Amino acid sequence: MRAVLQRMTTRPAAVAGLFYADDPDRLRAQVLDLLTDVAAATKVMPKALIAPHAGYAYSGRVAAAAFATLRDAAQTITRVVLIGPAHYVHVRGIAAPTVDAFETPLGRVAVDLETLSAVADLQCVIRADAPHAPEHALEVELPFLQTVLGSFEVVPLIVGNSAPRDVAHVLRRLWGGPETLIVVSSDLSHYHDYETARRLDDATAAAIEHGDWASLGPNQACGCLAVAGLLVEAGRHGLKAHRLLLSNSGDTAGSRDRVVGYGAWMFAQTAS
């Protein structure tokens, strides 16, 4: 990592105090409580994770189910490719930042600019900080990663108007070895009643677990393009999704009239 973090250009936290606690001690305790509340599902080393990105009161436990699988990986993983959907700024393609670091109340995480250069020649990749500035989809995953992994560099990517095979091509360039973890940030169905959401999310979960990337659309998952791209590339490597937890906001902190679905999956060579 570059040594002088204080001289870096930094993307500051945008949703601290909204999606998660803005006080470092409270945030650390919040994340540790969530991680303690779930059991690591396996001892194998994950290559990729799918995790939700809502406020921690709503989706934190599901996210924790994904990141708890990294408890034994802190000495191995040094790079995290973090990819999710654009919610606020229109993106033509896949946006990589130009800043040197992303910040949360737990500190700065250096952006792996050298690794980003490996995809700089792809037409689908643009360099732009505007899509990242207000975006919560990547930010809310960072405190979990900071807590579980400690020291790592991040490769942040926001997917806008793109195609699953473009995402897969980017991931192919960034796949790396055991030092590289891929995290796809996505919620599932939005604003259906509880039973409808459960039915829709069960079908989406089955599609993810069968590698059926072509059946995924925005009605199934807000991060459908990133999820689909991961499924394409994971399939090339013989990896399948292993379900860790599936629920929705009606199970946690919301009403059951209009819920948002959340799921956590792990991809590992020996996952069943």
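This passage describes selected strands, helices, loops and a pocket of a predicted model.

Strand 3, residues 79–85, is a suitable starting point. Of its 7 residues, 7 are buried, so strand 3 is largely enclosed by the rest of the structure. Two pairings of strand 3 were found in the parallel sense. With strand 8, which spans residues 153–159, strand 3 shares 7 bridges, and the two strands run parallel. Within this pairing, Val-80 is placed opposite Val-154 of strand 8. With strand 9, residues 180–185, strand 3 is joined by 5 bridges, again in a parallel arrangement. Here Val-81 faces Ile-182 of strand 9.

A further sheet is open and contains 3 strands in the order 1-5-6, with mixed pairing. Its edges are formed by strand 1 (10–11) and strand 6; each has a single partner strand, and therefore one side of each lacks a neighbour in the sheet. Strand 5, residues 101–104, and strand 6, residues 107–110, are antiparallel and are connected by 4 bridges. Together these two strands make a hairpin, in which 2 residues lie between them. The register of the hairpin can be followed through individual residues. Ala-101 has Ala-110 of strand 6 as its bridge partner, while Glu-103 is set opposite Arg-108 of strand 6.

Two of the helices illustrate how burial is distributed along a helix. Helix 5, residues 142–149, is mostly covered, with 7 of its 8 residues buried. The buried residues are Leu-142, Pro-143, Phe-144, Leu-145, Gln-146, Val-148 and Leu-149. Immediately after helix 5 comes Gly-150, which adopts a positive phi of about 80°.

In helix 6, residues 164–174, the buried positions are Pro-164, Val-167, Ala-168, Val-170, Leu-171 and Leu-174. These residues lie on the same side of helix 6, because they cover an arc of only 160° around the axis. The spacing of such positions follows from a general property: an α-helix has 3.6 residues a turn, so residues three or four places apart point the same way. Helix 6 is followed by Gly-176, which has a positive phi near 65°.

The loop between strand 7 (125–127) and helix 4 (136–139) contains His-132. With a relative accessibility of 2%, His-132 falls under the 20% limit and is therefore classed as buried. Apart from residues up to four places away in sequence, His-132 touches Arg-11, Ala-95, Ala-96, Pro-97, Phe-102, Leu-138, Pro-156, Leu-157 and Ile-158.

The largest pocket holds about 250 Å³ of space. It is lined by 14 residues, of which Ala-54, Asp-187, Tyr-191, Val-260 and Tyr-262 are the closest to its centre. Strand 10 (190–192) and strand 12 (259–267) each contribute at least two residues to this lining. By class, the lining comprises 6 nonpolar, 6 polar and 2 charged residues.

Tyr-191, one of the residues closest to the centre of the largest pocket, belongs to strand 10. Although Tyr-191 is not a glycine, its phi is positive, at about 65°. The relative accessible area of Tyr-191 is 47%, which means that this residue is partly exposed.

Beyond strand 10, Asp-193 occupies the loop that leads to helix 7 (194–209). Its relative accessibility of 36% places Asp-193 in the partly exposed class. When neighbours within four places in sequence are set aside, Asp-193 is in contact with Arg-256, Asp-257 and Val-259. By C-alpha positions, Asp-193 and Ala-120 are 42 Å apart in space, and 73 residues apart in sequence.

Definitions and conventions. Residues numbered from 1 in each chain as written. Predicted model: local features only at pLDDT ≥ 70, side-chain atom pairs only at ≥ 80, totals over all residues. Heavy atoms only, no water. Buried < 20%, exposed > 50% of the residue type's maximum accessible area, 1.4 Å probe, protein only. Arc of directions from axis to C-beta. Pairing = 2+ DSSP bridges. 1 Å grid on protein atoms, 1.4 Å probe; cavity = no way out; pocket = protein on both sides within 12 Å on 5 of 7 lines; lining within 4 Å. Points joined across faces, edges and corners; volume = space filled by probe spheres on them. Nonpolar A, V, L, I, M, F, W, Y, C, P; charged D, E, K, R; others polar. Contact = heavy atoms within 4.5 Å.
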